[in-house]
Amino acid sequence: MTGTDEDAFRIIASSPEGVLQSELWKILGVDSRKCSRIVKKLLDTNRVERIEHRQDGIKTFRLIARKGPADPYCLLAGDELIPCIACDEDCVVEDCARLLDWMYQLAISDAEELSSDSNKTEN
Ligand code: SF4
């Protein structure tokens, strides 16, 4: 996918209510024909959905980003699973020691990963 396709997807995904196709090409700074090709690629790869929309009696489309599946690695701090899964506590996120411990573990594992990556680049 080209940078422009990715730019289009980012613009669409940044707005929960989506973006009108008639506005997207202006935002991207491309002509409407090129914008149609970009939108087709995003539709073909199932990254966006397109809903018919009328603006001042003129038909256009509202483009809305599809949510992808959650990345399972986002639920791990090292090999420790986020405690919220299967938690049956009365949840007050701001006061949760289990979540705070997990977040410390996440910071440690991220720092270890960074350090490991920089050691590989130096060798
Ligand atoms: S934040 Fe704490 S209390 Fe809330 S769901 Fe997660 S682990 Fe459970």
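**View 1. Strands S1 and S3 run antiparallel and are joined by 2 bridges.** This is a predicted model, and our first close-up looks at strand S3, which covers residues 58-65. On the S1 side, Leu20 has Arg62 of S3 as its bridge partner. Val19, for its part, sits opposite Leu63 in S3. If you're new to sheets, here's the background: strands pair through backbone hydrogen bonds, and they can do so in a parallel or an antiparallel way.

**View 2. S2 meets S3 over 8 bridges, again in the antiparallel sense.** Let's pick out a couple of facing residues. Val48 stands opposite Ala65 in S3, while Gln55 has Ile58 of S3 across from it. S2 and S3 make up a hairpin, with 2 residues between the strands.

**View 3. Put together, S1, S3 and S2 make an open sheet of 3 strands.** In what order do the strands lie in the sheet? The order is S1-S3-S2, and the pairing is antiparallel. Strand S1 (19-20) and strand S2 (48-55) are the edge strands, each with a single partner, so each has one side with no neighbour in the sheet.

**View 4. Asp56 sits in the turn of the hairpin and has a positive phi of about 55°.** You'll find Asp56 in the loop between S2 and S3. The positive phi is worth a look here, as Asp56 is a residue other than glycine. Is Asp56 buried or exposed? Asp56 is exposed, because just 5 other C-beta atoms lie within 10 Å, and a residue counts as exposed when that number is 12 or fewer.

**View 5. Asn46 is another non-glycine residue with a positive phi, this time about 65°.** Where is Asn46 found? Asn46 belongs to the loop that links helix H3 (32-44) to S2. Asn46 has 9 other C-beta atoms within 10 Å, so it is exposed.

**View 6. Nine residues can be picked out around the ligand: Pro83, Cys84, Cys87, Glu89, Cys91, Val93, Cys96, Arg98 and Leu99.** How many residues of each class are in this shell? There are 7 nonpolar residues, no polar ones and 2 charged ones. Among the residues surrounding the ligand you can spot Cys84, Cys87, Cys91 and Cys96, along with Glu89 and Arg98.

**View 7. The chain is divided into domain 1 (3-65) and domain 2 (72-122).** Taken over C-alpha atoms, the centres of these domains are 36 Å apart. The C-alpha trace of the chain spans about 55 × 50 × 20 Å along its principal axes. Only 11% of the 123 residues in the chain are buried.

**View 8. The chain has 4 helices and 5 strands.** Follow the sequence along and the pattern reads α-β-α-α-β-β-β-β-α. The radius of gyration of the chain is 21 Å, while the globule rule gives 14 Å for 123 residues, so the chain is more spread out than a compact globule. Now for the contacts: of those in the chain with a separation of 6 or more, 46% are between residues 24 or more positions apart.

Definitions and conventions: Residues numbered from 1 in each chain as written. Predicted model: local features only at pLDDT ≥ 70, side-chain atom pairs only at ≥ 80, totals over all residues. Near = placed C-beta within 6 Å. Nonpolar A, V, L, I, M, F, W, Y, C, P; charged D, E, K, R; others polar. Pairing = 2+ DSSP bridges. Rg over C-alpha atoms; globule rule 2.2 N^0.38 Å. Buried ≥ 20, exposed ≤ 12 C-beta atoms within 10 Å, placed from the backbone. Contact = placed C-beta atoms within 7 Å. Domains from an automatic or database assignment.
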